[in-house]
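Student: I'm new to this structure and would like a close look at a single part of it. Could you pick one and walk me through it step by step?

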Amino acid sequence: MILKQFRTFGLFGAAFIVTFMLSWFGGSDGVLGGQAHANTHCDPANLPNYQPSSADDEMDRFYALMAYAVVYKRWQDSSPSDGAAGYNIGSVMANESNQFVCWACNSVGATHNSTQHGEVRLMTNYLNQEALNNPSTEGEFHLQGYKIYTTLQPCAMCSGMMTLTNLEATIYGQTDPSYGGALGRLQYNSSQDPGGYCPYPRGVYHQLADVKVASILDDMYANWSKTNGTDITQFLTTPQVQALYEEATNQFMAFEAGFAENTQLVAYAKQIYSDIPDGYVPTPYGVACDLTQ
Ligand SMILES: [Zn+2]
């Protein structure tokens, strides 16, 4: 009798406990995953918190133009499958003081390595360089406060690396309707959906560059793809895009800082740019941010 009562309690008790645990840890209406409290438990600190000043905005526009200019200087007329060093995609990086630190171009052809996107090379080469130069420095293995300016919206691989290195922000020079949007997906709050997720930690701010060339490129690609398909890297080898990148390069070269604190930053970045060789010069993996040797 006692045993039977215990069994009955055991079954109901177990069911009660399971129900309670589900409701607490993420059941259909639970504290961690439910509709009633969907947005109360996702840590807001996981979302990006980039709040640029007007002077920061100016440097964001300047470095966005510089990214186009870097690609233009090493323009590839064909794709890597036809012998090109890489796709016409490139990136520059600035530190928390808005000072230029690094540039890199997509080099998947030259390295025969499909991971060698411009942003990957920026991050790995810069961090390798920092580790070599400062072997005893602690805490220099992340990119907190740094920003990457890249000519095409980052892919999932680069977005993942940006996220895990704690990058502050990325500003991109063209939307990629196919492979872009990865950072937005990581930050998307689907916790209200069955089996959904809170935003991934260490959100990276991401936005289309506030320069005319960026919106022109988006419109140009939308028109081009109507008759040429959706290969955006092929689009990036066309003469019309090259001409637009030349225009962006001219805007970069003519750029004058409106904020006094940006004057030296602009001059320094232009000096670096002038040292970049014309055409593609292979740089060994892990060495000096694709800077000239
Ligand atoms: Zn990428």
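Tutor: Let's begin with a term for later: a crossing of two helices is called left-handed if the near helix is turned anticlockwise from the far one by less than a right angle, and right-handed if it is turned clockwise. Please also keep in mind that this is a predicted model.

First, the setting. The protein has 10 helices and five strands. Of its 293 residues, 35% are buried. Among the contacts with a separation of 6 or more, 64% join residues 24 or more positions apart.

The part I'd like to show you is the sheet, with the helices that go with it. The five strands make an open sheet in the order β2-β1-β3-β4-β5, and their pairing is mixed. At the edges are β2 (100-105) and β5 (205-208), each of which pairs on one side only. From one strand to the next, the twist averages 15°. In general, the strands of a sheet pair through backbone hydrogen bonds, either parallel or antiparallel.

Now find β1. This strand covers residues 90-94 and pairs with β2 in the antiparallel sense, over five bridges. Across that pairing, Met 93 stands opposite Cys 102 of β2. The two strands form a hairpin with five residues between them. In the turn you will find Asn 98, which has a positive phi of about 65°.

On β1's other pairing, the partner is β3: these two are also antiparallel, with four bridges between them. Two of the facing residues are easy to look up. Val 92 has Tyr 149 of β3 as its bridge partner, while Ser 91 stands opposite Thr 150.

Which way do the residues of β1 point? As a general rule, side chains in a regular strand alternate between the two faces of the sheet. In β1, Gly 90, Val 92 and Ala 94 point one way, and Ser 91 and Met 93 point the other way. Five of the five residues in this strand are buried, and β1 is mostly covered.

Step across to β3 (147-150) and look at its residues in the same way. Lys 147 and Tyr 149 point one way, Ile 148 and Thr 150 the other, and all of them are buried. From here the sense of pairing turns parallel: β3 and β4 are joined by four bridges. Thr 150, which faces Ser 91 of β1, has Tyr 172 as its bridge partner in β4.

Before leaving the strands, go back to β2 for a moment and find Cys 105. With 29 other C-beta atoms within 10 Å, Cys 105 counts as buried. The C-alpha atom of Cys 105 is 8.1 Å from that of Tyr 87, although the two residues are 18 apart along the chain.

Next come the helices. Helix α2 (residues 54-73) lies across β1, β2, β3 and β4 (169-172), and runs at about 145° to β1. Helix α4 (residues 118-133) lies across β1, β2 and β3, at about 135° to β2. Each of these two helices also packs with another helix. In general, such a packing is described by the angle between the axes and the distance between them.

Take α4 first. With helix α5 (residues 156-164), the packing angle is about 25° and the axes are 9 Å apart. Because angles under 35 degrees count as roughly parallel, α4 is roughly parallel to α5. The crossing is left-handed. Glu 119, Val 120 and Met 123 of α4 make the contact with Met 157, Cys 158, Met 161 and Met 162 of α5. By type, these residues are six nonpolar, no polar and one charged.

Finally, take α2, which packs with helix α9 (residues 239-254) at an angle of about 125°, with axes 8 Å apart. That angle makes α2 oblique to α9. Here our opening term returns: this crossing, too, is left-handed. From α2 the contact uses Leu 65, Met 66, Tyr 68, Ala 69, Val 71 and Tyr 72; from α9 it uses Tyr 245, Glu 246, Ala 248, Thr 249, Gln 251 and Phe 252. Sorted by type, this contact has nine nonpolar residues, two polar and one charged.

Methods
Residues numbered from 1 in each chain as written. Predicted model: local features only at pLDDT ≥ 70, side-chain atom pairs only at ≥ 80, totals over all residues. Pairing = 2+ DSSP bridges. Axes fitted to C-alpha atoms, helices over the stretch in contact; angles between N-to-C directions. Contact = placed C-beta atoms within 7 Å. Buried ≥ 20, exposed ≤ 12 C-beta atoms within 10 Å, placed from the backbone. Parallel < 35°, antiparallel > 145°, perpendicular 65-115°, else oblique. Nonpolar A, V, L, I, M, F, W, Y, C, P; charged D, E, K, R; others polar.
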